[in-house]
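Student: Could you take me through one part of this protein up close? I'd like to see how a single piece sits in the rest of the chain.

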Amino acid sequence: METIPLHAPLDDTSWTSCRQPQVLVLGHFDGIHTGHAQVIQRALDYGAEHGLPVGLMTFHPHPKGVFGRSEYHRYVTPLMEKERILSRMGLDRLYVVQFDMSFAQVSAQKFAEAVCALGVKHVVIGFDYRFGHRGEGTAEMLKDWGNDCFTVDIVPAHSEDGTKVSSTRIRQCLAQGDITKANQLLGRPYLIQGEVVHGDARGRTIGFPTANVNPEEPYIIPAIGVYAAKVKVGGTWHDGVLSIGLKPTFKSGETVPTIEAHLFDFDADIYGETIAIAVMDYIRSEQKFNSIQDLIAQITADAEEARQRLAAMDVESMFSCAAQER
């Protein structure tokens with residue numbers, strides 16, 4: 001998959017040099033959840049049927065973040081993560097539009113004209129897609145404006161348990177620690193990738209060495225607590241237990257949670273390596289312990305609980321999505 005950066009103005013050569021007959025998917029696609037997957041698959045099917053390459057246009061940074069919503073400075077799928085997933089879905093091109101205040105002023109009709117100028121023959125969008133200055137453009141308007149240039153396929157809402165699947169809903173699940181529901185809506189385990197960095201090495205001294213992970217991108221960090229996890233190191237997945245927390249037994253006043261994974265039956269030196277953590281199941285909230293012995297007993301219980309939960313999961317099925325395989 002080729003990644004192509006675009007920016008305002010819309011007659012910039014970054015746009016005009018990309019002209020090619022193609023299918024285009026439009027949207028922000030934070031999360032690339034099961035609803036997004038349906039939209040993307042419709043485009044891939046159309047492209048295959050008509051012999052056209054398929055591109056997807058996303059916007060970065062998140063428009064809501066540009067307009068001051070600080071919670072949108074973090075993502076379910078940050079840009080590099082989004083690229084990895086989309087590439088495995090079979091897209092030919094990823095257009096990344098730099099969203100800034102200049103681009104925010106572009107009218108809906110001007111944006112539609114720019115899509116036409118790319119050579120697009122068919123557009124696929126979700127039913128609630130909005131575009132242009134202050135979101136003035138609707139799916140139906142794009143259909144009207146594209147009449148002489150491209151056709152438009154408007155995909156209806158995708159629901160789970162009677163509620164529309166959305167990135168907002170997934171964000172809420174992650175904030176609440178409801179990783180089971182978040183993974184169901186995503187159609188794959190929630191994943192955080194980052195470098196293993198040096199911590200305080202306390203885990204090793206009590207018999208539970210951990211990989212301290214510094215996320216490589218601004219991922220949304222799930223709620224503080226302990227989770228069952230799968231950890232990928234050097235191409236191999238390992239079972240483990242994940243702690244996201246402020247270490248109240250040892251510290252006070254911490255505000256930034258640490259991400260630590262203890263891998264079962266694993267003793268290699270992986271400092272400096274990039275690993276991927278798939279968050280599989282929530283076990284418990286973080287606690288402050290009165291003694292190291294109490295802490296060790298609880299970690300032992302957590303590890304056993306994580307082993308049992310992972311063993312009971314159909315992990316192969318959860319990882320069977322081509323977008324998740326690495």
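Tutor: Sure, let's zoom in on helix α8, which runs over residues 167-176. Keep in mind that we're looking at a predicted model. Which residues of α8 are buried? They are Ser-167, Arg-169, Ile-170, Arg-171, Cys-173 and Leu-174. Buried here means that a residue has under 20% relative accessible area. A bit of helix geometry helps when you read that list: an α-helix has 3.6 residues a turn, so residues three or four places apart point the same way. Now, what covers the buried residues of α8? Among the covering elements are two helices, α2 (34-50) and α9 (179-186). Strands join in too, including β7 (159-160), β8 (163-164) and β9 (190-197). Right after α8 comes Gly-177, and its phi is positive, near 80 degrees.

Let's zoom back out. α8 belongs to a chain with 12 helices and 14 strands. The radius of gyration of this chain is 22 Å, close to the 20 Å that the globule rule gives for 326 residues, so the chain is as compact as a globular protein of that length. Its C-alpha atoms fill a box of roughly 75 × 40 × 40 Å along the principal axes. Across the whole chain, 49% of the 326 residues count as buried. If you take the contacts with a separation of 6 or more, 75% of them link residues 24 or more positions apart. As for the outside, the chain exposes about 14,900 Å², with carbon and sulfur atoms supplying 49% of that area. And the charges? The mean positions of the 30 positive and 41 negative ones are 3 Å apart.

Conventions: Residues numbered from 1 in each chain as written. Predicted model: local features only at pLDDT ≥ 70, side-chain atom pairs only at ≥ 80, totals over all residues. Heavy atoms only, no water. Helix = DSSP H or I, 4+ residues; strand = E, 2+ residues; numbered from the N terminus. Rg over C-alpha atoms; globule rule 2.2 N^0.38 Å. Buried < 20%, exposed > 50% of the residue type's maximum accessible area, 1.4 Å probe, protein only. Contact = heavy atoms within 4.5 Å. Areas by Shrake-Rupley, 256 points an atom, 1.4 Å probe, with all protein chains shown as cover. Lys, Arg positive; Asp, Glu negative; His and termini not counted. Charge placed at Lys NZ, Arg CZ, Asp CG, Glu CD.
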